[in-house]
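User: I'm new to this one and would like a walk through it. Can you take it piece by piece?

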There are 4 protein chains.
Amino acid sequence: MSDELRVTVWNEYRHEHNSPTVRAVYPEGIHSTIADGLRSYGYQVRTATLDQPEHGLPADILDATDVLIWWGHMAHDQVDDAIVERVHQRVLGGMGLIVLHSGHFSKIFKRLMGTTCDLKWREGNDHERLWVIAPGHPIADGLGETIEIEHEEMYGEHFDIPAPETLVFISWFNGGEVFRSGCCYTRGAGKIFYFRPGHESYPTYYHPDVQRVMANAVRWAAPVAGPSRIFGNRQPLEQG
Amino acid sequence: MSDELRVTVWNEYRHEHNSPTVRAVYPEGIHSTIADGLRSYGYQVRTATLDQPEHGLPADILDATDVLIWWGHMAHDQVDDAIVERVHQRVLGGMGLIVLHSGHFSKIFKRLMGTTCDLKWREGNDHERLWVIAPGHPIADGLGETIEIEHEEMYGEHFDIPAPETLVFISWFNGGEVFRSGCCYTRGAGKIFYFRPGHESYPTYYHPDVQRVMANAVRWAAPVAGPSRIFGNRQPLEQG
Amino acid sequence: MSDELRVTVWNEYRHEHNSPTVRAVYPEGIHSTIADGLRSYGYQVRTATLDQPEHGLPADILDATDVLIWWGHMAHDQVDDAIVERVHQRVLGGMGLIVLHSGHFSKIFKRLMGTTCDLKWREGNDHERLWVIAPGHPIADGLGETIEIEHEEMYGEHFDIPAPETLVFISWFNGGEVFRSGCCYTRGAGKIFYFRPGHESYPTYYHPDVQRVMANAVRWAAPVAGPSRIFGNRQPLEQG
Amino acid sequence: MSDELRVTVWNEYRHEHNSPTVRAVYPEGIHSTIADGLRSYGYQVRTATLDQPEHGLPADILDATDVLIWWGHMAHDQVDDAIVERVHQRVLGGMGLIVLHSGHFSKIFKRLMGTTCDLKWREGNDHERLWVIAPGHPIADGLGETIEIEHEEMYGEHFDIPAPETLVFISWFNGGEVFRSGCCYTRGAGKIFYFRPGHESYPTYYHPDVQRVMANAVRWAAPVAGPSRIFGNRQPLEQG
């Protein structure tokens, strides 16, 4: 089934233009690297970016998207509220959503969480070790006990999110912090996974384990053909 | 400690003016009946309503509020976004919030939940029986196995909310529906309790068990003097 | 993938011998009917019963079992503690477990839950309506809003279980009760699903929706190739 | 209310006899130090130890216990199964239970959790930093962002427990590990808190923050006068 899943990778795509450092790491953009990783797992992957019309997310693209991946950082406030609303409705309707790294401050993630989604951070070449806390969870498939990322930006608690329904990873940073770095949620009929790693100036999205987590998360977050969600004024049901 | 807790009961206070039926049940307004019930438990209680300046919720009132209770229905969209934002920030900062009945569609509840908060309903004189699912929870203190409400509006699943952190009550309706009718959440440092009963045309808020649940919920939702939530750029910590 | 999953359906298989009523409903045993339903979904299914050597669950059978389904009622105490221990270890190691109906009182379920697993009950031809509470969950795939079972034994709250990690179904009974009737848990690397319906004297396991739930639950509970769970005395890790 | 809560501190009390090192740290036993800390918060505290008749936990003592605190390590298997059963029933009936440090392997904790409760460990003078993850939780009352323990035994993931209902603390260790070190559960009507720190050879239980956590946990885990839990064969209820 996985080869039929349709993934759209959304990237703000600004750092790559503004920063030679970032461009050196992701010459085709973060979205391209993520997309390549997912294609190697057999998914149908397309990309979309902020500066495209409707941010690359018109209704027909979302109609053809099972799981949306979101990377943004410096231009969260340039994402149009109408597009945020559109994505929000899709998630509640069943589309999966994977929010990466600095996407914690995206409008869509804050809207879905209901909190500030704020956190501590440090750009300082920390070593990050993600411990798998939920070894039987589908997102941990194929992993070892830890994911080692030699150079990353630190994110630390307190992370202002609702308690995850399932906590898959906890990160350890050598500077002294911990972080809930793999967080599963359900909102409406949709599944959401927040995954911490991926600062724009480090080659994190080339890391095989990081690619594997995203591929696993796509499968986990894929829509389910569950019951229609029916609301409003209703007559009593027949009782057998 | 309970007698020191400061509660503000907010009511839209429109049905009582528009409908002789509702006025006959709650001649001083729903807020007055709820407030009287809470005072009998020793809390310091004030009330606030939609048509007061700043909806009765200026900053100094919220400064003096440990737990806010919210009843609204027909005028949700008349609640000013700036006041919603103010209440949102207070909840994240630790103020308790108890959302009653049709308050499921209030701006503040939808913002905190991140979902539509939609549901099924029927005005038809259903019998509601709330089963206590979490008998060891503080909100169940002093209750029997069920709360019986002879005449109530029906609310039925699917209720579009995040899965509660603790589900205290499930309602049974004789028309054939069930409903998650007592739902606990944490958002930021604040605790939120959604409690289903309380249609404006029934004397539900005079029911001793309903009053007891609200009194228990106030104590449960009271702020805790926990750590400040510190965010932003941070240097590494000393490591002992 | 589903056609490769290996399921073992365990049945106490006593009622079918002792009661003409039950035998009339399940002439080949409850396990055979459940197995037939699962085979129609493409799984590799075998059965095992209490009176077989090692209750039909020797190590090599469990080695070849991805998901174990458990139906028991009148002979829970005749299940050998060594077999319970064996199944317990397998579940913690990743084998899925689906516990049906009166299996709530089985040794294995009580051991995994840590509670009495007691409940209310009534053999009285109740109408049961299971409401889907988690419409985006894989176990709800292909279902409508409710599952209607015209004649069933009633189980009512309080059900003495840990709060489910995900609550998929809540049952409504026309006699006035509710029940958490589809409950997901993780223990160790294993997933557990408790599913309420299935009294021995009613044809519940021929019901297409009930079969579908069991088939969905098998896929949900299937083992994941996650990290080995490593315990004991450990040296410090290299830090990058 | 807190001054009326009755706490029993149970200690295995063997290390203190066998090891001059431990005796130097806890000359009157770990239980005495814990008890002194709790008395400073106004609780009524008594102690009980393994070598007393019925391990110091006869029925009348448990009758007079609101919250039981458990420290054990080298003699878990000498705790009589009948006493474990007795404590188990009390917890399900509403008595609070706080399990400390190496108590993770006690019979009572394993019975309540349903898992092995195994973990990684290292006696190596690690620095432990407990981060408060749930700043609005009553157990975090009065704490700062972290609790710093300069010398402690390391416990590391994977910790084989059910996912906590609320995760209050995550520990960071300078050797590279993380640990879910403050875990809340409900079983039956009882509340359970597992708290990691407290190796016998370090003065952890003299730490003011550690004492505060135990005092807060006592209040959180105190019994609630909720509904009786009624099980068994039941007639249909009147329907209003």
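User: Let's start with chain A. What share of its residues is buried?

Analyst: This is a predicted model. Buried residues make up 60% of the 240 residues in chain A.

User: And how many helices and strands does chain A have?

Analyst: Chain A has 7 helices and 10 strands.

User: What are its overall dimensions?

Analyst: Taken along the principal axes, the C-alpha atoms of chain A fill a box of roughly 65 × 40 × 35 Å. The radius of gyration of chain A is 18 Å, and a compact globule with 240 residues would have one near 18 Å, so the two agree.

User: What about contacts along the chain, how many link residues 24 or more positions apart?

Analyst: Of the contacts in chain A with a separation of 6 or more, 73% are between residues 24 or more positions apart.

User: Pick a helix in chain A. Is H3(A) mostly covered or mostly open?

Analyst: Helix H3 of chain A, residues 30-39, is mostly covered, with 7 of its 10 residues buried. Among the buried ones are A:Ile30, A:Ile34 and A:Leu38, and also A:His31 and A:Thr33.

User: What covers them?

Analyst: The cover over the buried residues of H3(A) includes strands S1 (6-11), S2 (44-49) and S3 (67-71) of chain A. Helices H1 (15-18) and H7 (208-221) of chain A also take part.

User: Switching to chain C. Why is strand S3 of chain C described as largely enclosed?

Analyst: Strand S3 of chain C spans residues 67-71, and 5 of its 5 residues are buried, so the rest of the structure largely encloses it. On one side C:Val67, C:Ile69 and C:Trp71 are buried, and on the other C:Leu68 and C:Trp70 are buried.

User: Which strands does S3(C) pair with?

Analyst: Strand S1 of chain C (residues 6-11) runs parallel to S3(C) and is joined to it by 5 bridges. In that pairing, C:Trp10 has C:Trp70 as its bridge partner. Strand S4 of chain C (residues 96-100) is also parallel to S3(C), with 4 bridges between them. There, C:Ile69 is partnered with C:Ile98.

User: How does the chain get from S3(C) to S4(C)?

Analyst: The chain passes through helix H5 of chain C, residues 81-93, and this β-α-β crossover is right-handed.

User: OK, now the chains together. How many residues make the contact between C and A?

Analyst: Chain C gives 28 residues and chain A gives 28 residues. On the chain C side, strands S5 (120-132) and S9 (190-195) each supply at least two residues. By class, that side has 10 nonpolar, 13 polar and 5 charged residues.

User: And how many residues are in contact between C and B?

Analyst: There, 13 residues of chain C are in contact with 13 residues of chain B. The elements of chain C that give two or more residues to that side are S5 and strand S7 (166-173). S7(C) gives the most, with 3 residues. The residues on that side divide into 7 nonpolar, 3 polar and 3 charged.

User: How is chain C placed relative to chain B?

Analyst: A turn of 180° with a shift of 0.0 Å along the axis lays chain C on chain B, with an RMSD of 0.0 Å. That is the relation of a two-fold axis. Both copies use the same surface, as 100% of the contact residues of chain C recur in chain B.

User: And what rotation takes C onto A?

Analyst: Chain C superposes on chain A by a rotation of 180° with 0.0 Å of shift along its axis, at an RMSD of 0.0 Å. For this pair, 100% of the interface residues of chain C are also interface residues in chain A, so the copies meet through the same surface.

Technical notes:
Residues numbered from 1 in each chain as written. Chains lettered and ligands numbered in written order. Predicted model: local features only at pLDDT ≥ 70, side-chain atom pairs only at ≥ 80, totals over all residues. Contact = placed C-beta atoms within 7 Å. Nonpolar A, V, L, I, M, F, W, Y, C, P; charged D, E, K, R; others polar. Least-squares fit on C-alpha atoms with pLDDT ≥ 70 in both. Buried ≥ 20, exposed ≤ 12 C-beta atoms within 10 Å, placed from the backbone. Pairing = 2+ DSSP bridges. Right-handed = clockwise from strand over helix to strand, strands pointing away. Rg over C-alpha atoms; globule rule 2.2 N^0.38 Å.
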